[in-house]
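Reader: I would like a close look at a single part of this model, namely the places where the backbone takes unusual values, set against the chain as a whole. Please take me through them with care.

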Amino acid sequence: MDRIRVVGGRPLNGQIAISGAKNAALPLLAATLLTGDKISFTNMPGLADIKTMSALLEQHGAEVEREGDFLSVKAEEIPNTVAPYDLVRRMRASILVLGPLLARFGNAVVSLPGGCAIGTRPVDLHLKGLEALGAKIELGRGYIHASAEGGLIGGEIDFPVVSVGATENLLMAAALAKGESKLVNAAREPEIVDLANLLVAMGAQIEGIGTDVLTVQGVDQLHGAEHSVVADRIEAGTYAIAAAITRGEIELTKVDPTLFDSLLDLMEKAGVVVDRGTDSVKISCGEMDLVGADAITDPYPGFPTDLQAQYMALMCTAKGAAMVTETIFENRYMHVPELSRMGADINVHGASAMVRGVDILYGAEVMATDLRASSSLVLAGLAAEGETLVNRVYHLDRGYERLEEKLAACGAEIARVPEE
Ligand code: UD1
């Protein structure tokens, strides 16, 4: 299995173009099951998760074509409404085909995603929501069996906690349900706005896009559309931190900085210089060294849990202490022991971690446990003295397009190496 080798200590300098967002692309691809017409995408990132979702759509019977950042799906004939364990276990977001399949065909069988390295991550909200739209749900032999004879019927769903995936699944289902549906306490992540925009382009009737109440008037049929995938705010945030952690200067292009304001605001508090444009942002470090700034993860527009690990790596290199609190997932501190092996001073107490800045991080051989934890180890490696080897690179390939290439173009000494 490949590893990433980083030799740290070089300030990064240059420009990085941000790719389309993985977390937008996955629900967008699931939405193609809502119509028999062709849906065409541009700015589709080249990631392992996109391949997995494409394979899932293909095994349902859809035709997927890909060239560069263009991808189209035509789900005209869908003879198979079963999402098998083998694909769902590889990627939890496979659960997003449940709503569209059920809404269009009146039945779907989807494997339960099971546990996940960053906590238990149940799917109860997805299932309760579909029941509120008239679906019959049965669980058996590790599978969700969902049916709605005569189709789904509009209803009101009041989410007890904000869930990105459940909001997406129900928004797609409601688009083809009979009558009006209301999603209350809905997630409002930019990826949900992107999905809603595609659905509207396909003929869906949705009000309240970008707010926490989505009202949907169901339609009988949806049609083909063209859509450009929104920029990946988590990728952008990761490279913004790469600039700061190496005390370098990077301009991020093809991304609206307001998508990740919560991180940029925190970085400014820590002493990073942020120069915002409309579709770009420049990150640099001023005269003063960075200082610790506390962060709490929250649903959008709060600070994203998907940037918590990377931000923690940055705080390891700041003066003083920073309290980082994770409110979305339990057990999302698996990067802490690995960062500690590189010389970080971090103490976890329940949902909070006290990060005390250290003068120096040391390169080490470390183990990536999940996608964002992996990128925090690469970031720490960029700042560390000597060589860092990050194992289990497949985690990174799920969510970062050409990571080594993008960082190397800014002067990083980074390469993919085969395991000895
Ligand atoms: C999505 C993102 C993931 C991100 C997360 C939170 C994708 C493909 N993934 O994951 O990168 O970290 O949002 O921003 O977009 N919950 C329940 N029951 C449910 C569903 C969720 O209790 O049925 C809980 C979860 O355990 C968690 C919280 O709700 O504590 C938020 O999870 P959710 O927003 O659903 O995350 P995902 O959609 O899985």
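**Backbone geometry in its setting**

Author: In this predicted model, buried residues account for 56% of the 420 residues in the protein chain. The chain's secondary structure comprises 14 helices and 24 strands, and its C-alpha atoms fill a box of roughly 65 × 45 × 40 Å along the principal axes. Because a compact globule of 420 residues would have a radius of gyration near 22 Å, the 21 Å of the protein chain agrees with that expectation.

Turning to the backbone, most residues other than glycine have a negative phi, and most peptide bonds are trans. Against that background, Asn185 has a positive phi, near 60 degrees, and sits in the loop that runs between β11 (180–184) and α7 (190–201). With a relative accessible area of 24%, Asn185 counts as partly exposed, because that class lies between the 20% limit for buried and the 50% limit for exposed.

Lys254 likewise has a phi near 60 degrees, a positive value in a residue other than glycine, and its place is the loop between β15 (249–253) and α9 (261–269). Its relative accessible area is 46%, so Lys254 is also partly exposed.

The peptide bond to examine is the one joining Tyr300 and Pro301, which is cis, with omega about 10 degrees. Pro301 belongs to the loop between β18 (295–296) and α10 (308–315).

Methods:
Residues are numbered from 1 along each chain as its sequence is written. This is a predicted model: local features need pLDDT of at least 70, side-chain atom pairs count only at pLDDT 80 or more; totals for chains, interfaces and linings use all residues. Side-chain values use heavy atoms; hydrogens and water are left out. Helices (H or I, at least four residues) and strands (E, at least two) are DSSP runs, numbered from the N terminus. The radius of gyration is taken over C-alpha atoms; the globule rule is 2.2 Å times the number of residues to the power 0.38. Buried means under 20% relative accessible area, exposed over 50%, partly exposed in between (1.4 Å probe, protein chains only).
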